[in-house]
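Please open the model in your viewer and set it to a cartoon view, with side chains ready to be switched on. The tour goes from one selection to the next and says what is there.

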Amino acid sequence: MKLKAKSAIIGKSKKDSDYDGMDRPVFISLFDINDPHKTNKVPKKRYDFKNGIHKLILKDLEVDYLLAGHDILINNLQEIEFNKDKEGHLIITGKQKF
């Protein structure tokens, strides 16, 4: 799935209390501004991957790790693409302009 966005925040969602697998639910929130974590802006779109994700693979992107929320921030995006493979990997690529 290829989408237009200026930034993205990627993080873990809470798992169901009765689930004990090794994978985790993950969200990707897309924004029209850089550094959305410094504002009260809501995402223009949010994608939820319920369980089934055990690894994020980020390719050719400059990212920041936000310690306070344990989230990944990607700024300066022109587009972002993400796909889940059959092995439980969420592969994230995109184009950035600095």
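This is a predicted model.

**Stop 1: the five-stranded sheet**

Begin with the open sheet of 5 strands, and trace it in the order β4-β3-β2-β7-β6. The pairing here is antiparallel. Now colour β4 (45-53) and β6, which stand at the edges. Each of these two has a single partner strand, so one side of each is left without a neighbour in the sheet. Look along the sheet to see the twist, which averages 20 degrees from one strand to the next.

**Stop 2: strand β2**

Select residues 7-12, which make up strand β2. Is this strand largely enclosed or left open by the rest of the structure? It is largely enclosed, because 5 of its 6 residues are buried. Buried here stands for a relative accessible area under 20%.

Next, add strand β3, residues 24-31. The two strands run antiparallel, and 6 bridges join β2 to β3. Two pairs are worth labelling. G11 stands opposite F27 in β3, and K12 has V26 as its bridge partner in β3.

On to strand β7, residues 71-74, which also pairs with β2. Here 3 bridges join the strands, and the direction is again antiparallel. To find this pairing in the viewer, label A8 and its bridge partner in β7, I74.

While the side chains are on, keep one general point in mind. In a regular strand the side chains alternate between the two faces of the sheet.

**Stop 3: the four-stranded sheet**

Hide the selection and bring up the open sheet of 4 strands, in the order β1-β8-β9-β5. Which kind of pairing does this sheet have? The pairing is mixed. At the edges stand β1 (2-4) and β5, and because each has a single partner strand, one side of each is left without a neighbour in the sheet. Neighbouring strands of this sheet are turned by 25 degrees against each other on average, direction ignored.

Within this sheet, select residues 77-84 for strand β8 and residues 89-96 for strand β9. These two strands run antiparallel and are joined by 7 bridges. One pair to label is F82 and I92, with F82 standing opposite I92 in β9.

**Stop 4: the salt bridges around E79**

The model has 5 salt bridges. Select E79 and K2, whose side chains meet in one of them, at 3.8 Å from N to O. The pair links distant parts of the chain, with K2 in strand β1 and E79 in strand β8, 77 residues apart.

Is E79 buried or exposed? E79 counts as buried, because its relative accessibility is 13%. K2, in contrast, is exposed, with a relative accessible area of 53%.

Add K4 to the selection. The side chains of E79 and K4 also meet in a salt bridge, at 3.9 Å from N to O. This pair too links distant parts of the chain: E79 is in strand β8 and K4 in strand β1, 75 residues apart. K4 is exposed, at a relative accessible area of 57%.

**Stop 5: K44 and D32**

Now select K44 and D32, which form a salt bridge with the closest N and O atoms 3.3 Å apart. Both residues lie in the loop between β3 and β4, so the pair ties together parts that are 12 residues apart in sequence. K44 is partly exposed, with a relative accessible area of 41%, while D32 counts as exposed at 53% relative accessibility.

Before leaving the salt bridges, select K2, K4, E79 and K95 together: salt bridges that share partners join these residues into one network.

**Stop 6: a nonpolar patch**

For the last selection, switch to a surface view and pick L56, L58 and V63. Together they make a nonpolar surface patch of about 180 Å². Where is V63 placed? V63 is in the loop between β5 (55-58) and β6 (64-66). V63 counts as partly exposed, because its relative accessibility is 32%.

Note on methods: Residues numbered from 1 in each chain as written. Predicted model: local features only at pLDDT ≥ 70, side-chain atom pairs only at ≥ 80, totals over all residues. Heavy atoms only, no water. Buried < 20%, exposed > 50% of the residue type's maximum accessible area, 1.4 Å probe, protein only. Pairing = 2+ DSSP bridges. Patch = residues over 30% accessible without salt bridge, like charges linked within 9 Å, V, L, I, M, F, W, Y side chains within 5 Å. Areas by Shrake-Rupley, 256 points an atom, 1.4 Å probe, with all protein chains shown as cover. Salt bridge = Lys/Arg side-chain N within 4 Å of Asp/Glu carboxyl O. Axes fitted to C-alpha atoms, helices over the stretch in contact; angles between N-to-C directions.
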